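Biologist: Could you walk me through this fold before I set anything up with it? I'd like to start with how the strands are put together.

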Amino acid sequence: MKNTVLILLGSFFLFSCDSNRVFEENLKINNENWSINDIKTFKVNVTDTNSLMNVLVNIRHNSSYSFSNLWLFVSTTNPSGITQIDTLECVLAEPDGKWLGDGGITDLWSLSTYLNTQRFNKKGEYVFEVEQAMRYGDKAKLLNLEGVSDIGLRIEIAN
């Protein structure tokens with residue numbers, strides 16, 4: 001009973017300290033091997049049309065990931081059905097190969113990459129789709145990415 005109370009109190013403090021967070025969800029990649037056909041979808045119910053919001057993409061990977069960056073296509077569809085597509089480069093390692101982000105103790109690194117700052121102009125459901133866009137070689141061979149364990153989306157109030 002005492003341990004349960006301590007866990008609940010710890011969780012409360014952990015989540016209450018992040019008062020700027022409006023939305024955050026992270027989705028697992030099957031077998032830590034991200035297929036080119038595996039598009040991750042996030043549905044966000046927007047009620048605040050006044051505040052500026054930062055949109056970030058969360059990435060978790062292990063040391064078997066073969067590249068120092070990750071290219072993504074991120075599409076955003078607003079409640080009116082209008083879609084905007086962005087290309088995002090997520091830098092995962094320094095030039096010397098040292099991984100960026102938090103972690104490494106359990107061979108997992110986590111980091112968030114800034115996509116944009118925006119004011120959502122309509123209330124309602126926004127759909128974000130994140131697709132890996134890595135290509136290799138002269139003929140732009142599509143890759144399945146080994147070592148990516150999670151992809152997420154975070155929306156927070158901009159300061």
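Modeller: Let me begin with β1 and strand β13 (residues 148–157), which run antiparallel and are joined by 7 bridges. Within that pairing, E24 stands opposite R154 in β13. Please keep in mind that this is a predicted model.

Biologist: Which sheet has β1 and β13 in its order?

Modeller: They belong to an open sheet of 5 strands with antiparallel pairing, in which the order reads β1-β13-β4-β8-β7. The edge strands there are β1, covering residues 21–28, and β7, covering 102–103, and each of them pairs on one side only.

Biologist: OK, and what is the strand order in the open sheet of 4 strands?

Modeller: That open sheet of 4 strands follows the order β3-β9-β5-β6, and the pairing in it is antiparallel. Since β3 (40–46) and β6 stand at its edges with a single partner strand each, one side of each is left without a neighbour in the sheet. From one strand to the next, the twist averages 25°.

Biologist: How many bridges hold β5 and β6 together?

Modeller: Strand β5, residues 69–77, and strand β6, residues 83–91, pair over 9 bridges in the antiparallel sense. One of the residue pairs involves W71, whose bridge partner in β6 is E89. The hairpin that these two strands form has 5 residues between the strands, and G81 in that hairpin takes a positive phi near 90°.

Biologist: And what about β5 with β9, how many bridges there?

Modeller: β5 and strand β9, which spans residues 124–132, pair over 6 bridges, again in the antiparallel sense. In that pairing, S75 has E129 as its bridge partner in β9.

Biologist: Switching topic: how many helices and strands does the protein chain have?

Modeller: The protein chain has 1 helix and 13 strands. Read along the sequence, the pattern opens with α, and the β elements follow it.

Biologist: What share of the contacts comes from residues far apart in sequence, say 24 or more positions?

Modeller: Taking the contacts in the protein chain with a separation of 6 or more, residues 24 or more positions apart account for 77% of them.

Biologist: Last one, on the surface: how much area does the chain expose, and what share do carbon and sulfur atoms supply?

Modeller: The protein chain exposes about 9600 Å², and carbon and sulfur atoms supply 51% of that area. As for burial, 36% of the 159 residues of the protein chain count as buried, where buried means under 20% relative accessible area.

Terms used:
Residues are numbered from 1 along each chain as its sequence is written. This is a predicted model: local features need pLDDT of at least 70, side-chain atom pairs count only at pLDDT 80 or more; totals for chains, interfaces and linings use all residues. Side-chain values use heavy atoms; hydrogens and water are left out. Two strands pair if DSSP finds at least two bridges between them. Axes are lines fitted to C-alpha atoms, for helices over the stretch in contact, and angles run from 0 to 180 degrees between N-to-C directions. Buried means under 20% relative accessible area, exposed over 50%, partly exposed in between (1.4 Å probe, protein chains only). Contact means heavy atoms within 4.5 Å. Accessible areas come from the Shrake-Rupley method with a 1.4 Å probe; for residues, only the protein chains shown count as cover.
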